[in-house]
Each structure stands twice: as C-alpha cells, then as structure tokens.
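Work through these exercises with the structure open beside you. Try each task before you read its solution.

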Amino acid sequence: MFVHVRLPSPRPTSRAAAGSHGVRCRFPVLLLAMVLLLVGTPAHAQLHDVPDRATLAFENVNVLPMTAADEGDAGAVLPAQTVVVSDGRIVAMGPSGQVDVPDGALRVDGSGRFLLPGLAEIHAHVPPGQDPPRELVEEYLFLYLANGITTIRGMLGAPYQLELREELRRGEVLGPRFYVGAPSVNANTAPTPEAAEALVRAHAEAGYDFLKIHPGVPRDSWDRMVEVAREVGITWAGHIPADVGIDHAVATGMATIDHLDGFLQATRRDDLSEDTPREEVFAATDPAKLEALVERLARAGVWQVPTQYLWNHLNGYVDADSLLALPEFQYISEGQRMGYRNQAEQRRRNPEITPASDAAHRAMRQDFLRAAHSAGVPILMGTDSPQLFNVPGFALHREIPLMLDAGMSPYEVLVSGTRAVGEYVASSLGQPGDFGTVQAGQRADLLLVDGNPLEDMARLQDPVGVVADGRWLTREAIRAGLDSIAVKYGDEGR
Ligand SMILES: [Zn+2]
C-alpha cells in the first residue's frame, strides 16, 4: 500500500502520472486518496501533527556513535547497546542489560538494526520569499526528515525563516533543526564597502546564524564585510566572488566554501586562452595548482560542501525525462518539475554544453573532490536542494555515491554529515555542537536503519525510524506523510 522510498536507477520511460512507480502503485495511491477523502482526514495530518517528545529505549541495537576516528577503530560500531532518549536528549547508552530503561519508555527492538546520528543537509533551502505557502514549507521540512536529515543549514535567508527556526525549536512545526543563513551578500546588495557594512550589521542584528555569499561581491566590499563580521561575531559561507578569489577568501577566514567554488579559477592552466573550448578547459586543469590549492585549504581547515550531484546537472547535458522518472519527483509540484525540465532544455540548446563537455566537467569536479579529500580538507555533506533536479532530502542520497566515487570511505561520508557538522556549528556558528554523535547528553537526533550503512549506504534510505529533537517518527508515519504529498501532487497533475 505504501509507496517505497528506495531510489532505483532511472527508468527509461517518462514519469507515469501520480504513482511514479508506474501502474503498480497507481492504484494504491488513488485508494489512499479516496480513503482520506472518505474519513475526512486532512491529507497532510502527518506533516503538521508534531509528535510529543518521547521516552524511548532502543534495545539490543548496533550503534555507530561516530566518535571513533575511523571505521577500523574499536568503538566504531558498538553491538548490543541500549540507548535511552528522554525529553529531547540521549540520556543513557551502554551494553543492553546494563542500562536502566525508565518505566513507560517506548521500547524499540534494535536487533539487526543500526542506530546512528541523524544526518545533516548543510546546503539546504526552504521555500524562498517572505511568505511562501505554509503547506510547502511543511512539505520540504518533512522531506528532509523522511530522508533521515535532522539538521539543515538554510542557504538563502528571509525574515520568515528566523521565526520558522524558533517554531522548530519549540516543536510547533515538524522538521529538522534549522540554522539560518542571511539574505544574500552579492554585487547588488553590497556594491560598496558602506553597503556591505550596513548589510552585515543588519543581518547580525536580525539574528541570522551566518552570512551567505553569492558571486559578484567586489573586493573592497568583501574586506569591509570581513572587518564588520568579525566585530559583530558572525561568519560567512557560500561562493567565492571572482574579484576576491579563493586565496583571499581563505586568508580572510571564510568558514565554508560551497560547490567547490573557486577551484576552477585557481587551477586553470596558464596557457589556455579565452577562446579555449569548455571541454578542453575542464579536461586540462593544472595538477600542480590543484595540489597546492588543496594543501592551502587543508592547512586553513576550510570546510568544503561539494554539491556534486547538483553541479553535474547545472553544467550538464542531461536528459530531463530520465531524471524526472526517478521516484522522488512525485513529492514535488508539476510546476517545479516543469521548471527543471525547462532549465535542462536550455542547457541542451547551449552550444557550449555537449556530451563531451559534460563528461569532462564531471570528471574534473570529481578530481577536485578527490584531491581535496585526500589532502585532508574537511568535507560537509550538502546538496543545494531544491535546485535543479534536487528533491529535498532525497538529493542527499544521490550525492553520497559521488562522494564515495571521489575516494571518501563510507565512514568518512557519514562523518561529513554528522560529527563534522556538530564541529562546524560549534566552531563557526558559536552555538552548541551537541549533536552529530550518539553519546549521553547529546541532542536526540537519531536515525535507525535496517542494516549496516558502512556496508551499503543505500540503507540510510527508507529508515526504520527517525528521532528528531526527541520526537519519534516511525517508518509507517514517514511513508504515510510521503504518500500524502504524492497524492496531492498526483491529483494536481491530472
Ligand atoms: Zn543554494
């Protein structure tokens, strides 16, 4: 009856109406719609009914505490544990039989299952604008949770998001913990040092957690931004403006670089001209420059948020039909799917984007990530949902195979979405980094999955359950919520 949330390979045919699993699931989805109509349940009950914080005991569970340096270390996987959650915190953890389970706790059988910290999407977006439809906001937040994501960093702020952050903290809306970037610092908002200064002061005053940088910021605006941001105690993240360049951005203390921005500019071979075709530029970056760059980044400890899956599409010669046939597209609107299709078609009409340039570009970006990772540059997990073909939540599970392909081990990939994010929040945002590991005292943000994700990272999808700030969402509740979204957008498509 439930729509699966596993992610198969693209199907050759275009998306078949609402069910998107083709004829097999079409009937059950319709049936669910009819049942919901008959019983008069609001279609989105699962999305806006926030469960209370539960007292939970995961028993006899394998724990990936994510405190070990790497997966070979003793303590990377702790078998037969009991983990107790109460009032939004992990309150006890130890070998089963040695941990007291409080009376009234909901006992969850962990046999054969693995418990790990909830994941983070560090380049997320919630719906833009000052007053987006509330239902859409709730859908995005739910899609993140449904995919095991209990922390998001919003990368383009608006005033409503500051209130949303507090509503999430108070448990008035169901969703991940939300760190809110400010509205964009760019060529238009910070054309002069004076404008940059006013902007930074206003954003800090408003209570944003950090500044979001877009391309185009002039260097003198940048320098004033840095000075004022230090004074008011706020950090900045995002793009590398061309006028600033990656070395100056790093030297002045940029916290995270998103999209491996600035890499191509910094590693472009000197003998290439302005007229060199894109595919040659992509295929011929300077390996010595790349090596030097990643060494500098590693020394400075600047986090990279690669977003490889997105950039494959942004500069890609992609087939919209096969992408839109992926199951996650049932959870977004027809309008959004059309938008993706139009963007993909625009790219295919661009004479500079060819199958060859696409292949060279993908290979180049994977080389960048491989070099950065092997030099010890810290990586954070993120996708830039819902940009081009990135469905919130689901996109993270599309990004993971690309991280593995670039030489990260499954354990390192998990670190990038768990412990490292806690470290980033503590060191860069100056807020408690009390999450991203499974330990007594930590925020109760957890993910329970069917098997060992270190053996197969696809096991992170379709979780047995998610604990978000101490609130327990079962697989059944997650699937029911996803179904209600699919039904809504399926109806809309007819
Ligand atoms: Zn973004």
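## Getting oriented

Of the 494 residues of the protein, 59% count as buried. The model is a predicted one. Its chain forms 18 helices and 15 strands. Among contacts with a separation of 6 or more, 75% join residues 24 or more positions apart.

## Exercise 1: the zinc ion

**Task.** Find which residues coordinate the zinc ion, and state the spacing of the donors along the chain.

**Solution.**

Step 1. List the donors. His123 and His125 each use NE2, and Asp384 uses OD. The distances run from 2.1 to 2.2 Å.

Step 2. Read the spacing. The donors follow the pattern H-x1-H-x258-D.

Step 3. Check the burial of the donors. His123 and His125 are both buried. Asp384 has a relative accessible area of 2%. The cut-off for buried is under 20%, so Asp384 is buried as well.

## Exercise 2: the backbone around the third donor

**Task.** Where does Asp384 lie, and what is its phi? Then find which peptide bond involving Pro386 is cis.

**Solution.**

Step 1. Place Asp384. It sits in the loop between helix 14 and helix 15.

Step 2. Read its phi. The value is near 75 degrees, which is positive in a residue other than glycine.

Step 3. Move along to Pro386. This residue also belongs to the loop between helix 14 (355-374) and helix 15 (394-405).

Step 4. Look at the bond leading into Pro386. The peptide bond from Ser385 to Pro386 is cis, and its omega is near -5 degrees.

## Exercise 3: a positive phi in a strand

**Task.** In which strand does Asn60 lie, and is Asn60 buried or partly exposed?

**Solution.**

Step 1. Find the element. Asn60 is in strand 1, which covers residues 56-63.

Step 2. Check phi. Asn60 has a positive phi of about 55 degrees, although it is not a glycine.

Step 3. Apply the cut-offs. Buried is under 20% and exposed is over 50%. Asn60 has a relative accessible area of 36%, so it is partly exposed.

## Exercise 4: two helix pairs

**Task.** Describe how helix 3 packs with helix 4, and how helix 5 packs with helix 6.

**Solution.**

Step 1. Decide what to report. Two packed helices are described by the angle between their axes and the distance between the axes.

Step 2. Take helix 3 (residues 134-146) and helix 4 (residues 159-169). Their angle is about 55 degrees, and their axes are 13 Å apart. Helix 3 and helix 4 are therefore oblique to each other. Their crossing is right-handed.

Step 3. Name the residues that meet. Helix 3 offers Arg134, Val137 and Leu141. Helix 4 offers Tyr160, Leu164, Glu167 and Leu168. By class, this contact has five nonpolar, no polar and two charged residues.

Step 4. Take helix 5 (residues 193-206) and helix 6. Here the angle is about 30 degrees, with the axes 8 Å apart. That makes helix 5 roughly parallel to helix 6. Helix 5 passes helix 6 in a right-handed crossing.

Step 5. Look at this second contact. Residues from helix 5 include Pro193, Ala196 and Val200. Those from helix 6 include Ser221, Met225 and Val228. By class, the contact has eight nonpolar, one polar and six charged residues.

## Exercise 5: two buried residues

**Task.** What are the contacts of Ser221 and of Lys212, leaving aside neighbours within four places in sequence?

**Solution.**

Step 1. Start with Ser221. It lies in helix 6 (residues 219-232). At 1% relative accessibility, Ser221 is buried.

Step 2. List its contacts. Ser221 touches Ala190, Pro191, Thr192, Pro193 and Ala196.

Step 3. Turn to Lys212. It lies in strand 9 (residues 211-213). At 2% relative accessibility, Lys212 counts as buried.

Step 4. List its contacts. Among them are His123, Met155, Val185 and His239. His123 is also a zinc donor.

Step 5. Compare sequence with space. Lys212 and Val185 are 27 residues apart in sequence, and their C-alpha atoms are 6.0 Å apart.

## Exercise 6: an enclosed helix

**Task.** How many residues of helix 16 are buried, and what do they pack against?

**Solution.**

Step 1. Count. Six of the eight residues of helix 16 (residues 410-417) are buried, so the helix is largely enclosed by the rest of the structure.

Step 2. Name them. They are Tyr411, Val413, Leu414, Val415, Ser416 and Gly417.

Step 3. Find their partners. These buried residues pack against strand 5 (114-117), strand 6 (119-124), helix 15 and helix 17 (419-427).

Key: Residues are numbered from 1 along each chain as its sequence is written. This is a predicted model: local features need pLDDT of at least 70, side-chain atom pairs count only at pLDDT 80 or more; totals for chains, interfaces and linings use all residues. Side-chain values use heavy atoms; hydrogens and water are left out. Donors are N, O and S atoms within 2.8 Å of the metal (3.2 Å for Na, K and Ca); water is not among the atoms, so sites may look incomplete. Buried means under 20% relative accessible area, exposed over 50%, partly exposed in between (1.4 Å probe, protein chains only). Axes are lines fitted to C-alpha atoms, for helices over the stretch in contact, and angles run from 0 to 180 degrees between N-to-C directions. Helices (H or I, at least four residues) and strands (E, at least two) are DSSP runs, numbered from the N terminus. Angles under 35 degrees count as roughly parallel, over 145 as roughly antiparallel, 65 to 115 as roughly perpendicular and the rest as oblique. A crossing is left-handed if the near helix is turned anticlockwise from the far one by less than a right angle, and right-handed if clockwise. Contact means heavy atoms within 4.5 Å. Ala, Val, Leu, Ile, Met, Phe, Trp, Tyr, Cys and Pro count as nonpolar, Asp, Glu, Lys and Arg as charged, and the others, Gly among them, as polar.
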